[in-house]
Amino acid sequence: LMLRANLGLYQATKDAAYLVEAKRLGQASVKEFVRPETGAFRDEANFSHLLVEAFLELYDVTKEPYLLEHAQRNADFAYNKVRDPKDGGYFTSWNGQFPSKEERKLLMANAPVA
């Protein structure tokens with residue numbers, strides 16, 4: 001959210017310091033939130049979708065390819081590892097224990113992926 005806030009402030013004020021901070025937060029987010037073994041964000045859909053949106057918004061301004069690449073890797077991970085191929089629903093847990101033992105899928109786990 002801080003990345004998006006700084007980007008929004010940059011777009012509203014054209015103060016380059018806000019863009020510098022948004023870019024710093026983008027790089028820091030990769031270090032902190034991307035699982036190297038999967039390329040996905042470490043948190044579940046409820047947080048990951050916010051970071052994907054922030055990366056895509058920052059990409060629109062900076063055109064830095066790493067932002068688009070990480071958003072795509074996260075989407076690929078969700079589709080390939082979190083989606084139940086039987087019904088197309090997404091499990092709540094993104095912990096890598098697949099197939100999940102969840103009996104039913106929650107709307108809150110599926111809406112952010114969409």
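## The end of α3

Just after α3, K63 takes a positive phi of about 60 degrees. The model is predicted, and this report follows three of its helices and its largest pocket.

## Helix α3

Helix α3 runs over residues 45-62. Its 18 residues should span 26 Å at 1.5 Å a residue. The end C-alpha atoms lie 25 Å apart, so the expected and modelled spans agree.

Buried positions in α3 are A45, S48, L51, V52, A54, F55, L58 and T62. These residues pack against four helices: α1 (2-13), α2 (16-33), α4 (65-82) and α5 (107-110).

## S29 in helix α2

S29 belongs to helix α2. Its relative accessible area is 9%. The cut-off for a buried residue is under 20%, so S29 counts as buried.

What does S29 touch, leaving aside residues up to four places away in sequence? The contacts are V34, L51 and F55. L51 and F55 are themselves among the buried residues of α3.

## Helix α1

Helix α1 has 12 residues, with an expected span of 16 Å at 1.5 Å a residue. Its end C-alpha atoms are 16 Å apart, which agrees.

Four residues of α1 are buried: L3, N6, L7 and Y10. They cover an arc of only 100 degrees around the axis, so they sit on the same side of α1. M2 and A12, on the other side, are exposed. The cover over the buried residues includes α2 and α3. The packing of α3 also lists α1 among its partners.

Just after α1, K14 takes a positive phi of about 65 degrees. K63 likewise has a positive phi just after α3.

## The largest pocket

The largest pocket has a volume of about 210 Å³. Its lining is made up of 14 residues. Which of them lie nearest the centre? They are V52, N74, A75, P112 and V113.

Helices α3 and α4 each supply at least two residues of this lining. V52 is also one of the buried residues of α3. By residue class, the lining holds 10 nonpolar residues, three polar and one charged.

## Summary

Helix α3 links several parts of this account. Its buried residues pack against α1, α2, α4 and α5. Two of its residues, L51 and F55, touch S29. It also supplies at least two residues to the lining of the largest pocket.

Definitions and conventions. Residues numbered from 1 in each chain as written. Predicted model: local features only at pLDDT ≥ 70, side-chain atom pairs only at ≥ 80, totals over all residues. Heavy atoms only, no water. Expected span 1.5 Å × (residues − 1). Buried < 20%, exposed > 50% of the residue type's maximum accessible area, 1.4 Å probe, protein only. Contact = heavy atoms within 4.5 Å. 1 Å grid on protein atoms, 1.4 Å probe; cavity = no way out; pocket = protein on both sides within 12 Å on 5 of 7 lines; lining within 4 Å. Points joined across faces, edges and corners; volume = space filled by probe spheres on them. Nonpolar A, V, L, I, M, F, W, Y, C, P; charged D, E, K, R; others polar. Arc of directions from axis to C-beta.
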